[in-house]
Protein chains: 2
Amino acid sequence: MPVKITIDKEEKHTRARLGRLSTPHGVVETPIFMPVGTQATVKTMTPDEVKQTGGRLILSNTYHLYLRPGHELVKEAGGLHKFMNWDGPILTDSGGFQVFSLGPLRTITEEGVTFRSHIDGSKHYFTPERVMEIEEALGADIAMAFDECAPYPCDREYALAALERTTRWAERCKKAHKREDQALFGIVQGSVYHDLRERSARELIDLDFPGYGIGGLSVGEPKEVMYDVLDHLMPIMPKDKPRYLMGVGSPDCLIEGVIRGVDMFDCVLPTRIARNGTVFTHKGRLTVRNAEYARDFRPLDEQCDCYACRNFTRAYIRHLIKANEILGIRLTTIHNLHFLQRLMEKIREAIREDRLLQYRAEFLEQFNNG
Amino acid sequence: MPVKITIDKEEKHTRARLGRLSTPHGVVETPIFMPVGTQATVKTMTPDEVKQTGGRLILSNTYHLYLRPGHELVKEAGGLHKFMNWDGPILTDSGGFQVFSLGPLRTITEEGVTFRSHIDGSKHYFTPERVMEIEEALGADIAMAFDECAPYPCDREYALAALERTTRWAERCKKAHKREDQALFGIVQGSVYHDLRERSARELIDLDFPGYGIGGLSVGEPKEVMYDVLDHLMPIMPKDKPRYLMGVGSPDCLIEGVIRGVDMFDCVLPTRIARNGTVFTHKGRLTVRNAEYARDFRPLDEQCDCYACRNFTRAYIRHLIKANEILGIRLTTIHNLHFLQRLMEKIREAIREDRLLQYRAEFLEQFNNG
């Protein structure tokens, strides 16, 4: 089994787990937050910088890499790790979320999805088998199965059809997947319907994947609804397999997800808001591009020890962003990833010491009322 | 005297000099190439990265910083060094070149220049006295006098009027300049006319500046014309003062300038072409964004040991640039600055060993015919 989770501790008062995920490219501690490197680069950062912020496992996007530079080129380069010079583990999504987000640009049949490239409008066709071929060429440590991600809101009938297709496609993915140095994870769908989530989970568990993604959440539903889905779903997920909540990465959702038993997260949020000039601080979000910070000579977050906070002021970073200087968004990106990685570190520490609920209260008290 | 050059060696067969420039922020070896940090940042780079490429003295632009974020804000931050967290020496230009380049957006009188901001069209007024106030607020180690930079081509009459005004303004700058921890350099003008260049130089030498810029070159004239101007001008420049050839930075011009006795250079060329996907190699320029490099898994330059060449391939960097990923132009920028700094290092070594002409022949043989 190329990827395996070892649970070292279960927190006393919640479903949180402390573990180690072993992969062909090393062992990482869980719960873990994975920075997103959509196009084989975590936007604005070198691999060294990603590591310096505490990033250990990164996600890259199959849809984007398939279109550009092409999975065959990546394979020719020696695979994604070598191509982008990242020697830690990588997870690739399946492109399911992306192609379903294309809206009118795609057509779904039982066989697969026809879609048009967002880059040049060219026509393409993804089937579970084709996606496995692409993900194997990319060569990540973890490949995700090709799923149908239902939108929100979504009626019961549609959600049911999508989860059933997701199961059939998961089966086809499993059959097609050959690489022994790559783990294939299934993806649980079912929208916000508890019974559908349970059905999806049971069908996928029957297929015995080495890990499970939880898809179709954080797609527009209120956070409380997501937490509620997790409350019902997580108790039936296998204890000895990693659980990956896809596309979730705001500080509060990370804590709430861990409390409900999630081991892995990814999200573009920290890097995306950074490029808009917004940063996380222990007192909540701060939009450093705002005029009020023009003469603020304090660091982004006075409690932070990241490269940006050790060396530069809000006034300077604001100047850079206003002047369209790349260093500005490099610094906010470094800061935001560092912030989330420190948060995950503190979460793991709190699990170890059975005080995760207390940590949540302390963190949110400051973060929400700063 | 805050800034002073010590000449350690004069090359036997040329006018090249090996020296050390001492400044309030440390001593740097000359001949030196100064990377340009127009808006208080060398585009795309952290100060640490600039140092890692070998950058020791950087240039920043008075015109740009005056407009944004404003020299008073920089002063409030503790000066430019502290604002941008660069602890080495800095040189600020005077804005002369920028405001004269604004064309119809500016009006010149004997008193000063009225111009409109390229950012928001707002109206501004630069006089020699005002520019000194701004440069003192920025607090660089070296401030340049406010000059009138004649365009190319330029008739004799205009060139004469501009150099005469430049002398009068240099006098006013000298009178207005008060900071004792900052050196004020005069700027020699005179277009491509040997006698006017000589006249400008003699008038400025009479004012006894601690260093001299050579302005109004590399503004469109053929390289041979620039070399010819330097051939005639440099012999009359004081031996004990630094000579700074403004706005020059292509590899061949750096070598030719040093041969003629230049100590300092600056240019946006390496960073600007980097952002267009073009890099220097020992075999000449290479446009890595071109399709022919899509599957080229060699480094940018096989003889280079910069961070980009040690870690990434042409194929990867091309992918990043095609995909508009910032890491791409970060890597080409690092490479180009590293390339020029290594070139300067080899030039200094060749001066030390009295084989600069031989080095020029070897370098250009490969660079021009690669």
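Tutor: Two strands are taken to pair if DSSP finds at least two bridges between them. The model discussed here is predicted, and chain B offers several examples of such pairing.

Student: What makes E7(B) and E8(B) a pair of strands?

Tutor: Three bridges join strand E7, residues 106–108 of chain B, to E8(B). The criterion is at least two bridges, so the two strands pair. They run antiparallel, and Thr107(B) stands opposite Thr114(B) of E8(B). A hairpin of four residues links E7(B) to E8(B).

Student: How many bridges join E8(B) to strand E9 of chain B, and in which sense do these strands run?

Tutor: Four bridges join E8(B) to E9(B), residues 123–126, and the strands run antiparallel. With at least two bridges required, this is therefore also a pair. Phe115(B) faces His124(B) across it. Six residues lie between the strands in this hairpin, where Gly121(B) takes a positive phi near 75°.

Student: Which residues form the covered face of strand E8 of chain B, and which the uncovered one?

Tutor: Val113(B) and Phe115(B) make up the covered face, whereas Thr114(B) and Arg116(B) make up the uncovered one. In a regular strand, side chains alternate between the two faces of the sheet.

Student: Why is strand E11 of chain B described as mostly covered?

Tutor: Six of the six residues in E11(B), which spans 183–188, are buried; each therefore has under 20% relative accessible area. Ala183(B), Phe185(B) and Ile187(B) are buried on one side, and Leu184(B), Gly186(B) and Val188(B) on the other.

Student: What are the strand partners of E11(B), and in which sense does it pair with them?

Tutor: Strand E10, residues 142–144 of chain B, pairs with E11(B) in the parallel sense over three bridges, with Phe185(B) as the bridge partner of Met144(B). Strand E12, residues 212–214 of chain B, also pairs with E11(B) in the parallel sense over three bridges; there Val188(B) has Ile214(B) as its bridge partner.

Student: Turning to chain A, why does Ser94(A) count as buried?

Tutor: Its relative accessibility is 3%. The limit for a buried residue is under 20%, so Ser94(A) qualifies. Ser94(A) is placed in the loop between strand E6 (90–92) and helix H5 (96–101) of chain A. Its contacts beyond four places in sequence include Thr62(A), Phe126(A), Glu135(A) and Asp147(A).

Student: What makes the approach of Ser94(A) to Gly96(A) a polar contact?

Tutor: A polar atom of the Ser94(A) side chain lies 3.2 Å from the backbone nitrogen of Gly96(A). That distance is within 3.5 Å, so it meets the distance limit for a polar contact. Both residues are covered by the "binding site" annotation of the unreviewed UniProt entry, which also covers Asp147(A), Gln189(A) and Gly216(A), among others.

Student: Is Gly216(A) buried or exposed, and what value decides the matter?

Tutor: Gly216(A) is buried, with a relative accessible area of 11%. As the cut-off is under 20%, the conclusion therefore follows. Gly216(A) is in the loop between strand E12 (212–214) and helix H9 (223–233) of chain A, and it is in contact with Cys149(A), Gln189(A) and Arg197(A), sequence neighbours within four places aside.

Student: Which residues have the most contacts inside the largest nonpolar core?

Tutor: They are Val99, Phe265 and Ile347 of both chain A and chain B, in a core of 199 residues. Val99(A) touches Tyr63(A), Phe115(A) and Phe146(A), among others.

Key: Residues are numbered from 1 along each chain as its sequence is written. Chains are lettered from A and ligands numbered from 1 in the order in which they are written. This is a predicted model: local features need pLDDT of at least 70, side-chain atom pairs count only at pLDDT 80 or more; totals for chains, interfaces and linings use all residues. Side-chain values use heavy atoms; hydrogens and water are left out. UniProt positions are given in the numbering used here, feature names are shortened, and annotations may be inferred rather than shown by experiment. Buried means under 20% relative accessible area, exposed over 50%, partly exposed in between (1.4 Å probe, protein chains only). Contact means heavy atoms within 4.5 Å. A polar contact is a pair of N or O atoms within 3.5 Å; within protein, one must be able to donate a hydrogen and the other to accept it, and residues adjacent in sequence count only if both atoms are side-chain atoms. A nonpolar core is a set of buried Ala, Val, Leu, Ile, Met, Phe, Trp, Tyr and Cys residues joined through side-chain atoms within 4.5 Å.
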